[in-house]
Amino acid sequence: MPEIAPVTLQTERLTLRFLHASDTQALYTIHSDPVVMRYFSGTAWTDPAQGDAVIARALDGYSSGSSMELALVLRETGKLIGTIKPHAFHAQNRRCEIGYALASAHWGQGYLSEAMRATLDYLFKEMNMNRIEADIDPRNLASAKLLERMGFQKEGYMPERWIVNGEICDTVFYGLLRRGWENS
């Protein structure tokens, strides 16, 4: 994929924008929370420098066209409360994967639904994606409900795909086709 040009998306309550070097502490606050990281394929962060590494990878992803991690920023306060990350772009097949994280203090308030709608709309309409995929821990019921609310279909199950902190975890795969998004 070619370089991904900076983009800013607006929703009713959020601004979605590229990550900045100044986002390190906010990212650390979100990802150091074991509750947020419960169903991730990695453990809770223990060092603020992990935020710097994520920002460096995001900048590389923008320039290589491999990922487009966006900060979820409250329009009212300017506070970064999460991220949404389209990544693993496959230009020929017009598909990518998507992941997300949200500070636990903001769960259950519809922020991820808002961010996901805007991001999916951008991916399908502006980036001409045909398919978007997600994989989640099947125990993460809130994430499953979000994906299904957005029109994703459950497509597969892989037992014991991840080992996180010594715990063996399964994966459920979801997919959303462009025609499914356009018909929703």
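This is a short talk on the fold, the pockets and a handful of individual residues in the structure shown above.

Let me say at the outset that what we are looking at is a predicted model, and that the values I quote are computed from it.

I will begin with the chain as a whole. The protein chain contains six helices and eight strands, and if you read along the sequence, these elements come in the order β-β-α-α-α-β-β-β-α-β-α-β-β-α. The radius of gyration is 16 Å, close to the 16 Å that the globule rule gives for 184 residues, so the chain is as compact as a globular protein of that length. Along its principal axes, the C-alpha trace spans about 40 × 35 × 30 Å. Of the 184 residues, 46% count as buried, and the accessible surface comes to about 9,600 Å², with 50% of that area belonging to carbon and sulfur atoms. As for how the chain comes together, if we take the contacts between residues at least 6 apart in sequence, 60% of them join residues that are at least 24 apart.

Let me turn now to the pockets. The largest pocket has a volume of about 1,400 Å³, and its lining is made up of 47 residues, with Tyr39, Phe40, Gly99, Tyr100 and Ala101 lying nearest the centre. Which element gives the most to this lining? That is strand E5, which contributes six residues; the strand runs over residues 95-102. By class, the lining of the largest pocket divides into 22 nonpolar, 14 polar and 11 charged residues.

The second largest pocket has a volume of about 150 Å³. It is lined by 13 residues, and those closest to its centre are Met37, Arg38, Gly42, Val164 and Asn165. Helix H2, residues 34-37, and strand E8, residues 167-177, each supply at least two residues of that lining. Here the division by class is seven nonpolar, three polar and three charged residues.

Since E5 has come up already, let me stay with that strand and look at one of its members, Glu97. Is Glu97 buried, exposed or partly exposed? Its relative accessibility is 26%, which lies between the 20% and 50% cut-offs, and Glu97 therefore counts as partly exposed. Setting aside neighbours within four places in sequence, Glu97 is in contact with Lys85, Pro86, His87, Ala88 and Glu133. The first four of these numbers fall within strand E4, residues 80-90, while Glu133 falls within strand E6, residues 131-136. By way of a distance across the model, the C-alpha atoms of Glu97 and His31, which are 66 residues apart in sequence, are 20 Å apart in space.

Next, two residues with backbone angles that deserve a second look. Most residues other than glycine have a negative phi. Arg94, however, has a positive phi of about 50° although it is not a glycine, and this residue is found in the loop between strand E4 and E5. With a relative accessibility of 32%, Arg94 counts as partly exposed. Asn128, likewise not a glycine, has a positive phi of about 60°, and its place is in the loop between helix H4, residues 111-125, and strand E6. Asn128 is also partly exposed, at a relative accessible area of 36%.

Finally, two further loop residues. Glu12 sits in the loop between strand E1, residues 8-10, and strand E2, residues 14-18, and with a relative accessible area of 71% it is exposed. Beyond its neighbours within four places in sequence, Glu12 is in contact with Arg75 and Glu114; the C-alpha atoms of Glu12 and Glu114, which are 102 residues apart along the chain, are separated by 7.9 Å.

Met150, by contrast, is a loop residue that is buried, with a relative accessible area of 4%. Its loop joins helix H5, residues 141-149, to strand E7, residues 153-164. Again leaving aside neighbours within four places in sequence, Met150 is in contact with Ser113, Met116, Arg117, Leu120, Leu176 and Trp181. Met150 and Ser63, which are 87 residues apart in sequence, are 28 Å apart in space, C-alpha to C-alpha.

That is where I will stop, and I am glad to go back to any of these residues on the screen.

Technical notes. Residues are numbered from 1 along each chain as its sequence is written. This is a predicted model: local features need pLDDT of at least 70, side-chain atom pairs count only at pLDDT 80 or more; totals for chains, interfaces and linings use all residues. Side-chain values use heavy atoms; hydrogens and water are left out. Helices (H or I, at least four residues) and strands (E, at least two) are DSSP runs, numbered from the N terminus. Buried means under 20% relative accessible area, exposed over 50%, partly exposed in between (1.4 Å probe, protein chains only). Contact means heavy atoms within 4.5 Å. On a 1 Å grid over the protein atoms alone, a cavity is a set of points where a 1.4 Å probe fits but cannot get out, and a pocket is an open set with protein on both sides within 12 Å along at least five of seven lines; lining residues have an atom within 4 Å of a point. Grid points are joined across faces, edges and corners, and a volume is the space filled by probe spheres set on the points. Ala, Val, Leu, Ile, Met, Phe, Trp, Tyr, Cys and Pro count as nonpolar, Asp, Glu, Lys and Arg as charged, and the others, Gly among them, as polar. The radius of gyration is taken over C-alpha atoms; the globule rule is 2.2 Å times the number of residues to the power 0.38. Accessible areas come from the Shrake-Rupley method with a 1.4 Å probe; for residues, only the protein chains shown count as cover.
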